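Here's a quick look at one helix pair and a handful of charged contacts. Have the model open while you read.

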Amino acid sequence: MHKNLDLPPPPPLAELVAGRPVALFLDFDGTLVEIADTPGGIAVPADLDARLHRLRDRLDGRLAIVSGRSLADLGQFLEVRDLIIVGSHGAEMGEVAAPAPPISPAGRARIDDLAHRWPGILVETKPHGIAVHYRQEPDAAPSVFVLMDELAESEGLAPRRGKMVVELGPRCTHKGTAVAALLATPGFEGATPWFIGDDVTDEDGFAAVLDGRGHGILVGPQRPTAADFRLDNPTEVHRWLNR
């Protein structure tokens with residue numbers, strides 16, 4: 001893992017696709033769209049769907065969106081027709097989905113109590129987990145970490161810390177397992193994989209493409225990461241994709 005290294009920008013995409021086949025895996029929040037104060041507050045470029053479909057065609061279908069959002073949530077912002085979209089950190093892949101992890105009534109009551117004590121906290125219930133957003137209550141972070149770690153242990157779930165959010169979900173799936181599964185399919189098999197993401201939860205995706213002799217692109221400020229290239233923000237991501 002790179003730690004104190006100023007990662008370079010990636011080579012132009014046009015150069016990559018001119019050689020051997022390339023598979024591209026894209027995170028959504030913080031990568032294709034800027035992160036907003038609330039999950040529903042994002043601004044999605046009006047032509048994003050059209051650009052993604054053109055890119056998919058250029059890559060002969062080897063394009064996938066890999067997000068922590070649920071598929072239903074992503075469907076509010078993307079035209080999912082003919083696109084491969086993975087939701088819930090790998091738990092939702094088309095018709096194949098891991099069972100929804102049970103959150104006990106006692107566990108949910110503890111989360112609701114935390115949200116009552118910190119009114120700015122947003123609790124997001126997902127098909128395969130539950131997320132606590134504390135972007136508008138940053139001082140609540142220590143309390144959120146302690147509670148979610150305790151619940152992960154008692155409920156048999158995986159705690160995933162992201163940018164001002166902690167989510168509980170299945171232990172058996174993450175973005176890396178989704179990438180590995182797609183790379184084993186006929187459409188993706190043999191292609192050089194690239195994963196683009198901004199958050200700590202994207203490190204599993206970076207690791208998976210490295211295992212496949214591919215590359216990771218970190219979006220945002222330098223931090224410890226398994227990625228080997230970096231772009232500053234979603235605007236730079238779109239410039240790279242458009243080239």
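Where α6 packs on α7, the residues K175, G176, V179 and L183 of α6 meet D204, G205, A208 and V209 of α7; contact here means heavy atoms within 4.5 Å. By class, that patch has four nonpolar, two polar and two charged residues, with Ala, Val, Leu, Ile, Met, Phe, Trp, Tyr, Cys and Pro taken as nonpolar, Asp, Glu, Lys and Arg as charged, and the others, Gly among them, as polar. Helix α6 covers residues 175–183 and α7 residues 203–211, and their axes come within 7 Å and cross at roughly 30°. Those axes are lines fitted to C-alpha atoms over the stretch in contact, and the angle, on a scale from 0 to 180 degrees, is taken between N-to-C directions. The crossing is right-handed, that is, the near helix is turned clockwise from the far one by less than a right angle. Helices (H or I, at least four residues) and strands (E, at least two) are DSSP runs, numbered from the N terminus.

A word on what you're looking at: this is a predicted model, where local features need pLDDT of at least 70 and side-chain atom pairs pLDDT 80 or more, while totals for chains, interfaces and linings use all residues. Residues are numbered from 1 along each chain as its sequence is written, and side-chain values use heavy atoms, leaving out hydrogens and water.

Now the charges. The whole structure holds 17 salt bridges, each one a side-chain nitrogen of Lys or Arg within 4 Å of a carboxyl oxygen of Asp or Glu. Here are three of them:

| Acid | Base | N to O |
|---|---|---|
| D60 | R62 | 4.0 Å |
| E167 | K126 | 2.8 Å |
| D198 | K163 | 2.7 Å |

How exposed are the partners? Buried means under 20% relative accessible area, exposed over 50%, and partly exposed in between (1.4 Å probe, protein chains only). D60 is exposed at 60%, whereas R62 is buried at 13%. For the E167 and K126 bridge, E167 is buried at 7% and K126 is buried at 12%. E167 sits in strand β9 (residues 165–169) and K126 in strand β6 (residues 122–126), so this pair ties together parts that are 41 residues apart in sequence.

D198 is buried at 2%, but K163 is partly exposed at 34%. D198 lies in the loop between β10 (192–197) and α7, and K163 in the loop between β8 (158–162) and β9, so their bridge links parts 35 residues apart in sequence. Elsewhere, salt bridges with shared partners join D6, R230 and D232 into one network.
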